[in-house]
Amino acid sequence: MLFFLIFLGTFLLMECITWCTHKYVMHGFMWYFHADHHQPKYANVFERNDVFFVIFAIPSILLFYFGAAAGFDYRFFIGLGIFAYGMSYFIVHDIVIHQRLKLFKNTKNKYLIALRKAHKMHHKHLDKHEGESFGMLYVHKKYWEKVRRDKQLMKGKKVEYAPEG
């Protein structure tokens with residue numbers, strides 16, 4: 001039970017770490033690597049921004065290694081929490097939001113719609129200043145309200161919800 005709580009706590013803490021890293025590192029001194037991600041169309045399959053997957057993978061790999069070597073102690077489960085968050089981030093950010101793989105294109109899931117709206121507002125800013133919505137899995141209340149208002153506006157119309165790219 002303790003190891004599960006360590007895993008879960010690490011997973012949840014990663015949202016805070018991601019928010020801070022995104023706001024102060026990616027939109028700060030490492031903007032060079034993140035800038036191409038804020039351009040409207042990707043020129044290549046990979047972006048310079050993908051270097052952050054490697055940066056976040058390193059502590060996870062090291063914690064897996066040293067935790068397993070010590071008989072699967074707490075370090076292994078911290079590494080597992082980081083890994084699980086990284087996989088969630090990849091699925092949500094790269095597949096669901098940015099459609100790097102064309103899946104979940106026409107979702108009606110309110111959470112995913114609110115998440116896409118929040119991320120679209122983040123990408124509205126093409127430079128490193130004045131951004132918003134730096135987290136990944138947490139969606140601010142204002143985006144939930146926007147989804148609710150949009151649904152009310154479309155109620156009674158013969159139009160299906162068209163998610164924002």
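What share of the 165 residues of the protein chain counts as buried? In this predicted model, the answer is 38%. The views below go from the whole chain to single residues.

**View 1. The whole chain is built from helices and has 0 strands.** The count is 6 helices. Read from the N terminus, the order of elements is α-α-α-α-α-α. The C-alpha atoms fill a box of roughly 60 × 40 × 30 Å along the principal axes. Take the contacts between residues at least 6 apart in sequence: 59% of them join residues at least 24 apart.

**View 2. Helices α1 and α4 pack at an angle of about 45 degrees.** Their axes are 8 Å apart. An angle between 35 and 65 degrees falls in the oblique class, so α1 and α4 are oblique to each other. Their crossing is right-handed. On the α1 side, the residues in contact are F3, I6, F7, T10, F11, M14, E15 and T18. On the α4 side they are Y74, F77, I78, L80, G81, I82, A84, Y85, S88 and Y89. By class, this contact has 13 nonpolar, 4 polar and 1 charged residues.

**View 3. Helices α5 and α6 pack at an angle of about 115 degrees.** Helix α5 covers residues 110-123, and helix α6 covers residues 141-154. Their axes lie 9 Å apart. The angle makes α5 roughly perpendicular to α6. This crossing, too, is right-handed. From α5 come K110, Y111, I113, A114, K117, A118 and M121. They meet Y143, W144, K146, V147, D150 and K151 of α6. The contact holds 8 nonpolar and 5 charged residues, with no polar ones.

**View 4. The largest nonpolar core has 18 residues.** Y85, L115 and M136 have the most contacts inside this core. Four elements, α1 (2-29), α4 (74-97), α5 and α6, each give two or more residues. Helix α4 supplies the largest share, 7 residues. In soluble globular proteins, nonpolar side chains tend to be buried together.

**View 5. Y85 is one of the residues with the most contacts inside the core.** Which residues does Y85 touch, leaving aside its neighbours within four places in sequence? They are F11, M14, E15, T18, M136 and L137. Among these, F11, M14, E15 and T18 also appear in the α1 side of the contact with α4.

**View 6. F72 sits in the loop between α3 and α4.** Its phi is positive, about 60 degrees, although F72 is not a glycine. Is F72 buried or partly exposed? F72 has a relative accessible area of 44%, so it is partly exposed. The cut-offs for that class are 20% and 50%.

**View 7. A57 is part of helix α3.** This helix spans residues 51-69. A57 has 27% relative accessibility and therefore counts as partly exposed. I78 is 21 residues away from A57 along the chain, and their C-alpha atoms are separated by 12 Å.

**View 8. Q152 belongs to helix α6.** With a relative accessible area of 47%, Q152 is partly exposed. Along the chain, Q152 and I97 are 55 residues apart. In space, 23 Å separates their C-alpha atoms.

Methods: Residues numbered from 1 in each chain as written. Predicted model: local features only at pLDDT ≥ 70, side-chain atom pairs only at ≥ 80, totals over all residues. Heavy atoms only, no water. Axes fitted to C-alpha atoms, helices over the stretch in contact; angles between N-to-C directions. Parallel < 35°, antiparallel > 145°, perpendicular 65-115°, else oblique. Left-handed = near helix turned anticlockwise from the far one by under 90°. Contact = heavy atoms within 4.5 Å. Nonpolar A, V, L, I, M, F, W, Y, C, P; charged D, E, K, R; others polar. Buried < 20%, exposed > 50% of the residue type's maximum accessible area, 1.4 Å probe, protein only. Core = buried A, V, L, I, M, F, W, Y, C linked by side-chain atoms within 4.5 Å.
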